[in-house]
Structures are given as C-alpha cells and as structure tokens.
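Got your viewer open? Load the model, turn on the cartoon view and follow along, one selection at a time.

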Amino acid sequence: MKKVLALILALCMVFALCACGSSAPAETPAPAETPAEAPAEAPAEAPAEGVDLSNASVTIICPYGAGGGTDTTMRVLAQAAEKVVGGTYTVENHTGGSGTTGLYDCLAAEHDGYTLATASVDLITLSLLGIADDLTLDTFAPICILNGEPAAIIVPADSPYQTIEDFVQAGIDNPGTVTLANAGAGNIWHLAAIGVELKTGASFSHIPYSDGTSASLPAVLAGDVDAVICSPAEAASFIEAGDLKVLAVAAADRLPAYPDVPTFTESGVDLIIMALRGLCVPADAPADVVAAMQDAFAEVIASEECQQLLADANQTYMPFDAEGTAELLNGMRSNYEAIIEAYLASAG
C-alpha cells in the first residue's frame, strides 16, 4: 500500500507541475479563491469493542447518479460489506450541486456513524474552487478508498475527431467551440479538462452535468456535446458496443483493457490524473462507531468478494484503509492547490 500511495502522489505532482507551467485556457469562469485549510488527520484510534455491525442498517449517500463510476463503486462496497460484515447497506443517490448535495445531505443526517458519504478529491477541490467552503477533508473522517480511475477524452465513434491530436487542435484553432461534457463544475473530470487546456493552449466549452457521468454520457451519445471526459470504465459498455471511442487516457501507462489507446503523455500532453472513490463519515460521529466502520471496511476492501465484484464492474482495484486514505488525500491537497491556483490565475 505504501508503494502505491507514493506512486499516486508522484503522479499527482506530475499534473501539478504541468498545470503550473502551462498556458491559460479561455472562456472558463473563475470561481472565487478561498484559503486552504490545515491538513486533516485520521481520527485517533478508538476501541471498536461493543459496536456490532453484523445487524447494522447503514446508508451510503452517493452524490452522483445511478450507473456512473462513483455509484458503481458505492454499490460494490455495499454488496461486499453485506457479505463480509453482515447488516444492511443501502446506497442512495443524492445528486446535484457538483457533488455537494450528497455531502450536505450526509451532514444533515443524524451523526451516529451509520450514514456514510463518498470520499474523493471533491473534499479537496470544492472548497478551493469556492463552490463549498465548508466541505473539506476536516469535515469528514476517512474510512477507505477502493477504486482509482484515469481521466479519458471520449467521443462518438463517428466523431470528426478520431485522434487526441485532432481534438486538441480543434480546441486551439476554434477556441470555445468544441463542447466537452464533465460530471459537474469542480469535479475531478472538470479539472482534468482544465489540465488539458493549461498544457496545450486549447480552449473548450465546458458543459457540466451535476448529476455526474451517468448524465453526461447520454449527452455525448445523443450528439448534444462533442465529447465527454470521464473514465473509460464508466463508458465501457458503449465503447464495447462501438458507439463511443476513447482518444487518450490520463494514465502513466496504457490500460490493459484498451491497449490501442495512447496515454496523454504519449500524445504530447503531460497529464496524469486519477479519480479516487471510497467512503467517509462526518468527523463528529461517535469515535467507537467510526473505528468499527474503519476496521470493518479494511476487511471488506481486502476481501476476495470485494475484489471480484469490482473486477466484474470493470473498475480498477486501488485499496487504502482509513490511515492510508487520510495520508493519500492530505498528500494530494497541496498538488490540487497548485493546479487550481494556476487555473484561477489563467482564467482571470
């Protein structure tokens, strides 16, 4: 786990350095800048004795729509937890507000430790972009990360843009006219699109779908937008059916599932960025329940049942327990501060 953590942080630094040394995008609205918070810490060790999760009723709030990558990961975690730990785990989709609705709804529920939220880089970026100043790493206690997926530019199979070079050049030659859907303003995929602009000098018309990728994919399939930026895993069924085509992936290496698709780096765009998905809980939930959840999900994400469910969902296994999740997200904070600072400076 330590080696994987070091690799991810190194890759994030690659993106940060690229963003800071690149040209500015056009026509992307700049949110107000907000001060960075002090690093969050994983909650102190607390005895989990006396907390029995085997018959617990747990709600997992997903801030994006059913069928998207985040929703899929949450349902894998819920299903695996029922098999490994016992109890009932219900996933609810509370969409809107670029992911803020689900996080706020978790905070509005009883803070008993049995209503969980989605842990992702949204807990870093939403406040830095001025979208939600009070949704930060300090607001929630980490439980786990299960999945990590790279960004990709995906177009209809009959798109006039058949290579990433074609797509980027169109954004350079005709700034602001190529429409690129994302999963909501400030979402990881939105930031990845900004990263492409910052590195290449291209300018796209960013179209946010605050319900997530489950809403942006139908838009590109219907021809409402020219392209979508998301993970290949989220669009796998449409790619396999021949309806959509992946132009490039923001990964360190080509994906085994798509060996003919180049990385951004191979295509001359030094961009590596991953979406991370896991669980968290309001930071002021009872310490014994939080500790029990952390222990339980450390067992869940390590289980063969969970790994098989994730593989069946065509998602990438990238597990971190509570301590690793806190270390990973805190380590990413300064990198995203640099990315967003470069974006805000370039935009205004």
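Before you click on anything, one bit of vocabulary: two strands pair if DSSP finds at least two bridges between them. Helices (H or I, at least four residues) and strands (E, at least two) are DSSP runs, numbered from the N terminus. You are looking at a predicted model, where local features need pLDDT of at least 70 and side-chain atom pairs count only at pLDDT 80 or more, while totals for chains, interfaces and linings use all residues. Residues are numbered from 1 along each chain as its sequence is written, and side-chain values use heavy atoms, with hydrogens and water left out.

**The whole chain**

Start zoomed out. The secondary structure comes to eleven helices and eleven strands. Of the 348 residues, 56% count as buried, where buried means under 20% relative accessible area, exposed over 50%, and partly exposed in between (1.4 Å probe, protein chains only). Now think about contacts, meaning heavy atoms within 4.5 Å. Among contacts between residues at least 6 apart in sequence, 80% join residues at least 24 apart.

**Stop 1: the six-stranded sheet**

Select β2, β1, β3, β10, β4 and β11: in that order they make an open sheet of six strands with mixed pairing. Which strands stand at the edges? They are β2 (88-93) and β11 (317-320), and each has a single partner strand, so one side of each is left without a neighbour in the sheet. On average, neighbouring strands here are turned by 25 degrees against each other, direction ignored. For angles like this, axes are lines fitted to C-alpha atoms (for helices, over the stretch in contact), and angles run from 0 to 180 degrees between N-to-C directions.

Next, keep just β4 (140-150) and β10 (residues 274-282). These two run antiparallel and are joined by nine bridges. Click on Pro-142 and look across: its bridge partner in β10 is Cys-280.

Add helix α2 (residues 69-84), which packs on the sheet and touches β1 (57-62), β2, β3 (115-119), β4 and β10. The direction of α2 makes about 170 degrees with that of β2. Then add helix α6 (residues 188-200), which lies across β4 and β10 and runs at about 145 degrees to β10.

**Stop 2: the five-stranded sheet**

Now select β7, β6, β8, β5 and β9, the order of an open sheet of five strands, again with mixed pairing. Its edge strands are β7 (205-208) and β9 (244-249), each pairing on one side only. Neighbouring strands in this sheet are turned by 30 degrees against each other on average, direction ignored.

Pick out β6 (residues 179-182) with β7: four bridges join them, and they run parallel. Look for Leu-180, which stands opposite His-206 in β7. Helix α5 (residues 164-173) packs on this sheet, touching β5 (152-156), β6, β8 (227-230) and β9. The direction of α5 makes about 80 degrees with that of β9.

**Stop 3: the loop before β4**

Go to the loop between α4 (122-128) and β4, and select Asp-134. Asp-134 counts as partly exposed because its relative accessibility is 43%. Not counting residues up to four places away in sequence, Asp-134 touches Tyr-104 and Thr-139. Asp-134 and Tyr-104 are 30 residues apart in sequence, yet their C-alpha atoms are 9.5 Å apart in space. Show the side chains and you'll find a polar contact between the two at 2.4 Å. (A polar contact is a pair of N or O atoms within 3.5 Å; within protein, one must be able to donate a hydrogen and the other to accept it, and residues adjacent in sequence count only if both atoms are side-chain atoms.)

Stay in this loop and click on Thr-136. Is Thr-136 buried or exposed? Thr-136 is buried, because its relative accessible area is 5%. Its side chain reaches the backbone nitrogen of Asp-138 at 3.1 Å.

**Stop 4: helix α9**

Finally, select helix α9 (residues 287-302) and find Ala-296 in it. With 7% relative accessibility, Ala-296 counts as buried. Leaving aside neighbours within four places in sequence, Ala-296 is in contact with Leu-53 and Val-85.

Bring in helix α10 (residues 304-312): the axes of α9 and α10 come within 5 Å and cross at roughly 60 degrees. The two helices are therefore oblique to each other; angles under 35 degrees count as roughly parallel, over 145 as roughly antiparallel, 65 to 115 as roughly perpendicular and the rest as oblique. To see where they meet, show Val-300, Ile-301 and Ala-302 in α9 with Glu-304, Cys-306 and Gln-307 in α10.
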